[in-house]
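Subject: Structure handover

Hello,

Here is the structure for you to look over. My notes come right after it.

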2 protein chains.
Amino acid sequence: MATLAEVAKRAGVSPATASRIINGSPKPVTEALRERVLAAVEELQYVPHAHAQSLARANRSAIGVIVHDVSDPYFAEITRGLQRVATEHGRLVIICNSYRDPARELEYVELLRAHQVAALVLAGSGYHDEDFTRALTGKLQVYEQGGGRVAVIGRHQHAGDAVVPDNEMGGYLIGAELYARGHDRIGVIAGPKLLTTTTDRLTGLRRAARERGRTLPARRIAYADFTRDSGAAAAAALLDAEPGLTAIAALNDSMAIGALALLRSRGVDVPGQVSVTGFDDMPVARDVTPALTTVRLPLAEMGARAMTLALDGVGGGGNRIEEVGAELVLRDSAGPAPR
Amino acid sequence: MATLAEVAKRAGVSPATASRIINGSPKPVTEALRERVLAAVEELQYVPHAHAQSLARANRSAIGVIVHDVSDPYFAEITRGLQRVATEHGRLVIICNSYRDPARELEYVELLRAHQVAALVLAGSGYHDEDFTRALTGKLQVYEQGGGRVAVIGRHQHAGDAVVPDNEMGGYLIGAELYARGHDRIGVIAGPKLLTTTTDRLTGLRRAARERGRTLPARRIAYADFTRDSGAAAAAALLDAEPGLTAIAALNDSMAIGALALLRSRGVDVPGQVSVTGFDDMPVARDVTPALTTVRLPLAEMGARAMTLALDGVGGGGNRIEEVGAELVLRDSAGPAPR
DNA sequence: TGGTTACCGGAAAGCCCTTGCCCGCCTGCT
DNA sequence: AGCAGGCGGGCAAGGGCTTTCCGGTAACCA
């Protein structure tokens, strides 16, 4: 790999001059030299050593992003928003998948701090785990004190700014819709218990129930892991435990789609016999049959806003919180309760 | 941000000793010192400056990945495989989205080279563009000469190793299947003309036609851009131009799903009146109605294999090529041609 | 013509870390 | 008691780049 010194030598100038030309420093340089240097750069295919550069400049340019799993459409969509804004600002994004492992999340925070990222964006639900939360908050605070910026998506606590979708309201909307359509025995396919997203959505559902003098008994809640297949399995379990269910509310679209598949395989008509709802409004939600009634979260926008918060140092270290609304999307998978 | 010097000072040792303790160098160090240093690290929340470290060590550890768009399920799946292997090897992955812009792809190669990535993985179709191809090959060769490793997924030319799905065979399988079911007037929804993936799949389709003494006239080929909505639009155009079509072969699943949606909106029965096929076997393919007949590519595995090639320096700079088979997946969206 | 100013280029001091080399000191042997 | 041999620790030389500061030249003014 060519170095700056080599370029300088070839162009017959000092490294200082070469550096100034290459980086377009404000310091004026004669045209003749500029051309010689640029020619040398071209011939040697010189690219500045980014590490040496950021060491010398003490500047941080990359942005670290920690998500649960990029290949999950939920995070893919958030990431799209993040990337768009980052690219507009000429920032490189380093994406890390925690695969919902709190320990790995902590490791990645360290790793990204070591890489001198200018900002850290954590996307995805927090965990119900005191120790973890404390450890994470600690690390993030240290990072912020070191001049880093932090933005989180979809979790409450912690240092830094936050973009928070109204999961509780989303759950409420689903509940309200199902009760309004006369459903009474509603099964719920929840996500992992450990995730705050799961509890928030459940809380909304419970509030809707309570307002109508109903409850959500534990036997009608099956915990799965946000994947399609776990959703199918949970639906089977719910139905086996209580064949009289008239609706199944899944706490994300993937699991709802799994439930749909299971119901189809059992010959159950949706929404004739059982209504099904999802959550998130993934692009596929409109393409399954019946099209999924669900709750929309503006995922890409949430990503974009988080990145904007992170990049825009104003209010630096502040604890700005941007709430994002949830919106009911009515399609075909939820109908009136059968009589 | 704490530096090694500060840690050393606090522990009352030289930076050299601190470094050795922190990195677990083979050089033996007294237990007492070790504890003092580790305590200092803890108190100062010290994390080694990754850039300084890699500058000093002259080692490259991160891996650069360039894809068209991570939030596209096709690439999300490939990325999952890439990440898995990278993580197993303790490598950090830097993902860049080219959004199918050749110029941006070139820029990213430079950027990643500047970041001293140990290897570069390019995923996604190549382009029919001589100048671009030459430029890219040039840059990749320079990179390899500088000791970098290159692996590409789904494109032929260039330096480095390659994992190549048999797109041509996939197209052939689709064609063979449709002809076998008696279809004659087959419309094709192709991807961007510029992409080699499009041409490869089309070539397969054409070969199937030719073997049966048929052809694929240009008017029955609509070019779209691999997205669902463009697929719907292309289906509309095909049908309007030639209402008698009995089958539509989309060159990826997203476009097939768009076509499905369009046909449903027009009240056309699939597969009763028109058969539809996809390509790639995305997870959603089995959840739409009717479930999509398509061609499976083992995307995650392709990613994993490419990363393995990239990491495994043996045969360094070699031009190893791993072919990956395509496999027909029969579901419900393709039936016999109506009489 | 002498002196001032402006301007351009280079020398060198870091940025933070790793590591080869050297140097004391203690141990153990003779 | 004297010496070899380890062992544990520090010194200092980079690794590639930026940037401050300084010096030399040329242009300009009086």
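Below are the notes on what was found, starting with the DNA.

This is a predicted model, so local features need pLDDT of at least 70 and side-chain atom pairs count only at pLDDT 80 or more, while totals for chains, interfaces and linings use all residues. Residues are numbered from 1 along each chain as its sequence is written, chains are lettered from A and ligands numbered from 1 in the order in which they are written, and side-chain values use heavy atoms, with hydrogens and water left out.

**DNA strand D**

Residues count as near a strand if one of their heavy atoms lies within 4 Å of it. By that rule, 28 residues surround DNA strand D. The closest are L4(A), Y46(A), T17(B), K27(B) and P28(B). Of the atoms of strand D that come within 4 Å of the protein, 63% belong to sugar and phosphate.

Now the polar contacts, meaning pairs of N or O atoms within 3.5 Å; within protein, one must be able to donate a hydrogen and the other to accept it, and residues adjacent in sequence count only if both atoms are side-chain atoms. L4(A) places a polar backbone atom 2.3 Å from a phosphate oxygen of strand D. N23(A) uses a polar side-chain atom, 2.8 Å from a phosphate oxygen of DNA strand D. For R57(A), a side-chain N or O atom is 3.4 Å from a phosphate oxygen of the strand.

Which elements give two or more residues to the surface near DNA strand D? They are helix 2 (15–22) and helix 4 (50–57) of chain A, together with helix 2 (15–22) and helix 4 (50–57) of chain B. Helices (H or I, at least four residues) and strands (E, at least two) are DSSP runs, numbered from the N terminus. Helix 4 of chain A gives the largest share, 5 residues.

By class, this surface has 15 nonpolar, 8 polar and 5 charged residues. Ala, Val, Leu, Ile, Met, Phe, Trp, Tyr, Cys and Pro count as nonpolar; Asp, Glu, Lys and Arg count as charged; the others, Gly among them, count as polar.

**DNA strand C**

DNA strand C is surrounded by 27 residues. The closest are K27(A), P28(A), T30(A), L4(B) and Y46(B). Sugar and phosphate make up 64% of the strand C atoms that come within 4 Å of the protein.

A base contact turns up here. An N or O atom in the side chain of R20(A) is 2.8 Å from a base nitrogen of DNA strand C. T17(A) has a polar side-chain atom 2.7 Å from a phosphate oxygen of the strand. A polar backbone atom of L4(B) is 2.3 Å from a phosphate oxygen of DNA strand C.

Two or more residues each come from helix 2 and helix 4 of chain A, and from helix 1 (4–11), helix 2 and helix 4 of chain B. Helix 4 of chain B gives the most, with 4 residues. The surface near strand C has 14 nonpolar, 8 polar and 5 charged residues.

**Strand 5 of chain A**

Away from the DNA, look at residues 161–165 of chain A. All 5 of the 5 residues of this strand 5 are buried, so it is largely enclosed by the rest of the structure. Buried means under 20% relative accessible area, exposed over 50%, and partly exposed in between (1.4 Å probe, protein chains only).

In a regular strand the side chains alternate between the two faces of the sheet. Here D161(A), V163(A) and P165(A) lie on one side, with A162(A) and V164(A) on the other. Both faces are covered.

Two strands pair if DSSP finds at least two bridges between them. Strand 4 (residues 149–153) of chain A pairs with strand 5 in the parallel sense, over 3 bridges. I153(A) has V163(A) as its bridge partner. Strand 11 (residues 321–324) of chain A also pairs with strand 5 in the parallel sense, over 4 bridges. There, I321(A) is the bridge partner of A162(A).

**Rings**

Rings of Phe, Tyr and Trp (its six-membered ring) pair if their centres lie within 6.5 Å; planes under 30 degrees apart count as stacked, over 60 as edge-to-face and the rest as tilted. The count is 4 aromatic pairs over all chains. Y127(A) and F132(A) have ring centres 5.1 Å apart and planes at 90°, so this pair is edge-to-face. Both Y127(A) and F132(A) are buried.

Best wishes
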